[in-house]
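Reader: I should like to go through this model in a series of questions. Please show the sequence and the structure before we begin.

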Amino acid sequence: ECDDCDLVRYCSDACLKEHKPTHKEACVKRAAELRDEFLFKQPESTHLGDCPICMIPLSLDVTKSPIMVCCSKVICGGCSHA
């Protein structure tokens, strides 16, 4: 299975390597579509606002949104792990 787009499945790593050049264009397009679908499924916003780094709405559970010590801004859990 292609890790990026989930469009095709391969029987072995050798088949994946052989088919990768012909699959690359469709793969990049589908991976972008999947990313857009994920982003558009995000809630509009919360009363806490959006993460100032990735602009994804902050979690309603305040324990999952750490505060940056340097500037006192609240960021999402994903950005705090990055």
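**Overall fold**

Author: The protein chain has two helices and zero strands, where helices (H or I, at least four residues) and strands (E, at least two) are DSSP runs numbered from the N terminus. This is a predicted model, in which local features need pLDDT of at least 70 and side-chain atom pairs count only at pLDDT 80 or more, while totals for chains, interfaces and linings use all residues. Residues are numbered from 1 along each chain as its sequence is written, and side-chain values use heavy atoms, with hydrogens and water left out.

Reader: What is the radius of gyration of the protein chain?

Author: The radius is taken over C-alpha atoms, and the globule rule is 2.2 Å times the number of residues to the power 0.38. For 82 residues that rule gives 12 Å, and the chain's value is well over this, so the chain is more spread out than a compact globule. Its C-alpha trace spans about 50 × 25 × 20 Å along the principal axes. The radius of gyration is 18 Å.

Reader: What share of the 82 residues in the protein chain is buried?

Author: Buried means under 20% relative accessible area, exposed over 50%, and partly exposed in between (1.4 Å probe, protein chains only). Of the 82 residues in the protein chain, the buried share is 16%.

Reader: At which residue does helix 1 bend by about 65°?

Author: The bend at a residue is the angle between axes fitted to the seven residues ending there and the seven starting there. A straight helix of 28 residues would span 40 Å at 1.5 Å a residue, whereas helix 1 spans only 33 Å between its end C-alpha atoms; the expected span is 1.5 Å times one less than the number of residues. The bend of about 65° in helix 1 is at histidine 23.

Reader: Is histidine 23 buried or exposed?

Author: Histidine 23 is found in helix 1 (residues 13-40). Leaving out residues up to four places away in sequence, histidine 23 touches Cys2, Cys5, Leu7, Val8 and Tyr10, a contact being heavy atoms within 4.5 Å. With a relative accessibility of 4%, histidine 23 counts as buried.

Reader: Which residues are joined with Arg30 into one network by salt bridges?

Author: A salt bridge is a side-chain nitrogen of Lys or Arg within 4 Å of a carboxyl oxygen of Asp or Glu, and the count comes to two salt bridges. Arginine 30 pairs with glutamate 33, the closest N and O atoms being 3.4 Å apart, and the two residues both lie in helix 1, three residues apart, about one turn of the helix. Arginine 30 also forms a salt bridge with glutamate 37, where the closest N and O atoms are 3.5 Å apart. Salt bridges that share partners thus join Arg30 into one network with Glu33 and Glu37.

Reader: How many disulfides are counted?

Author: A disulfide is a pair of cysteine sulfur atoms within 2.5 Å. The sulfur of cysteine 54 has its closest cysteine sulfur in cysteine 76, 3.6 Å away, too far for a bond. Cysteine 79 is in no disulfide either, as the nearest cysteine sulfur, that of cysteine 76, is 3.6 Å away. The count of disulfides is zero.

Reader: How far apart in space are valine 74 and glycine 49, C-alpha to C-alpha?

Author: Valine 74 lies in the loop between helix 1 and helix 2 (77-81). Beyond its neighbours within four places in sequence, valine 74 is in contact with Pro52, Leu58, Ser65, Pro66 and Ile67. Valine 74 and glycine 49 are 25 residues apart in sequence, and their C-alpha to C-alpha separation is 9.2 Å.
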